[in-house]
Every structure is written in structure tokens, then in C-alpha cells.
Amino acid sequence: KACRDVGCWAGKLADPSAPVRDRAALELGRAGSAANAAVLGDAIVRQVGDPAELAARYHAVLALGWIAGREKIGAAGAPIAEKLDAMIAAERGRTLTAGVNEDALRLATRLRRE
């Protein structure tokens with residue numbers, strides 16, 4: 001209820017509560033722009049320890065993908081893709097994050113192509 005604009009939701013991606021980050025990612029994916037790409041990238045690479053945090057990561061991946069589908073991320077895409085690649089390499093073999101990290105890998109490839 002506290003957030004009524006996209007800027008507020010962007011700030012909520014750093015919230016300690018995974019459900020708040022989850023909702024923030026979905027709201028940014030729905031109404032955000034390429035300007036929100038970097039904060040979504042940071043939300044994706046945030047450490048995951050439980051299923052709620054995994055859901056927040058998954059929705060951040062979806063949100064960034066939705067934004068990239070609507071508009072060009074441009075030069076900001078390459079550094080985000082590098083962060084995603086580093087996260088994927090660090091978590092290789094981790095069962096909890098394997099499925100979401102595959103989606104993140106596809107997103108990183110898409111961002112790199114732009």
C-alpha cells in the first residue's frame with residue numbers, strides 16, 4: 001500500500017523481506033523501464049537461502065526479461081550479463097537455484113546480444 005509509483009518499487013528491491021522484493025520485482029516488470037535494469041540485475045544476483053528468496057530472484061529475472069522485451073536495455077545490458085554469469089558460475093551445482101539460474105543464463109545471453 002505504501003508504494004504507488006515505480007520509483008518506490010525500485011527501492012523495495014533492497015528490502016530485507018523476500019516477499020516484498022518479490023512483489024517489487026513484479027511491479028517493476030509490469031510498469032518499469034530500462035532505467036530499472038541495473039537494480040533488477042542487483043536483485044537477481046542477491047544471495048538465495050530459501051524458497052521465498054528464490055521466488056524473488058525468479059520474479060526479478062522475469063521482470064528484467066519483460067522490460068528487455070519492451071525496450072532496449074542498451075549498453076547497460078553487458079555489465080548486468082557479466083554479473084549474472086558470475087552468479088551462475090558461483091552457484092553451479094546448487095540444486096535450489098539450478099532452475100532459476102538457467103533462466104538467468106538465457107536472460108544474460110539476451111542482454112549481451114543487445
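I take a residue as buried when its relative accessible area is under 20%. Glu91, at 9% relative accessibility, therefore counts as buried. The model I am reading is a predicted one.

**Entry 1: Glu91 and its partner**

I looked up what the side chain of Glu91 does. It meets the side chain of Arg57 in a salt bridge, with 2.7 Å from N to O. Arg57 sits in helix H4 and Glu91 in the loop between H5 and H6, so I noted a link between distant parts of the chain, 34 residues apart. I then checked Arg57 for burial: its relative accessibility is 1%, which means that Arg57 is buried too.

**Entry 2: Thr97**

Next I went to Thr97, which is also placed in the loop between H5 and H6. Its relative accessible area is 0%, so I filed Thr97 as buried. Which residues does Thr97 contact, leaving aside its neighbours within four places in sequence? I found Val48, Leu54, Arg57 and Glu91. Both partners of the Arg57–Glu91 salt bridge are thus on the contact list of Thr97.

**Entry 3: Helix H6**

I checked the length of H6, residues 98–113. At 1.5 Å a residue its 16 residues should span 22 Å, and I have its end C-alpha atoms 23 Å apart, which agrees. I listed its buried residues as Val100, Asn101, Ala104, Leu107, Ala108 and Leu111. Viewed down the helix axis, they fall within an arc of 115 degrees, so they line one face of H6. The spacing fits a general rule: an α-helix has 3.6 residues a turn, so residues three or four places apart point the same way. On the other side of H6 I noted Arg106 and Arg113 as exposed.

What do the buried residues of H6 pack against? I found helix H3 (37–44), helix H4 (51–70) and helix H5 (77–90).

I took Val100 as a sample from H6. Val100 has a relative accessible area of 9% and is buried. Leaving aside neighbours within four places in sequence, I found Val100 in contact with Leu54, Arg57, Tyr58 and Val61. For Val100 and Val61, 39 residues apart along the chain, I have a C-alpha separation of 8.0 Å.

**Entry 4: Helix H3**

I ran the burial check on H3 and got Ala37, Leu40, Gly41, Ala43 and Ile44 as buried. They cover an arc of only 160 degrees around the axis, which puts them on the same side of H3. I found these buried residues packing against H2, H4, H5 and H6.

**Entry 5: The largest nonpolar core**

I looked up which members of the largest nonpolar core touch the most others. Of its 31 residues, they are Leu40, Ile44, Leu64, Ile73 and Leu111. The elements giving two or more residues to this core are helix H1 (6–12), helix H2 (18–31), H3, H4, H5 and H6. H4 gives the most, with seven residues.

I followed Leu40 further. Beyond its neighbours within four places in sequence, Leu40 is in contact with Leu13, Ala25, Leu28, Ala60, Ala63, Leu64 and Ile67. One of these, Leu64, is itself among the core members that touch the most others.

**Entry 6: Other salt bridges**

How many salt bridges does the structure hold? I have seven.

One of them joins the side chains of Lys83 and Asp42, at 2.7 Å from N to O. Lys83 lies in helix H5 and Asp42 in helix H3, so the pair ties together parts that are 41 residues apart in sequence. I checked both ends for exposure: Lys83 is partly exposed at 41% relative accessible area, and Asp42 is partly exposed at 40%.

Another joins the side chains of Arg23 and Glu27, at 2.9 Å from N to O. Being four residues apart in helix H2, Arg23 and Glu27 are separated by about one helical turn. Are the two partners buried or exposed, or something in between? Arg23 counts as partly exposed at 45% relative accessibility, whereas Glu27 is buried at 13%. I also noted that Arg23, Glu27 and Arg30 are linked in a network of salt bridges.

Technical notes. Residues are numbered from 1 along each chain as its sequence is written. This is a predicted model: local features need pLDDT of at least 70, side-chain atom pairs count only at pLDDT 80 or more; totals for chains, interfaces and linings use all residues. Side-chain values use heavy atoms; hydrogens and water are left out. The expected span of a helix is 1.5 Å times one less than its number of residues. Buried means under 20% relative accessible area, exposed over 50%, partly exposed in between (1.4 Å probe, protein chains only). The arc is that of the directions from the helix axis to the C-beta atoms. Contact means heavy atoms within 4.5 Å. A nonpolar core is a set of buried Ala, Val, Leu, Ile, Met, Phe, Trp, Tyr and Cys residues joined through side-chain atoms within 4.5 Å. A salt bridge is a side-chain nitrogen of Lys or Arg within 4 Å of a carboxyl oxygen of Asp or Glu.
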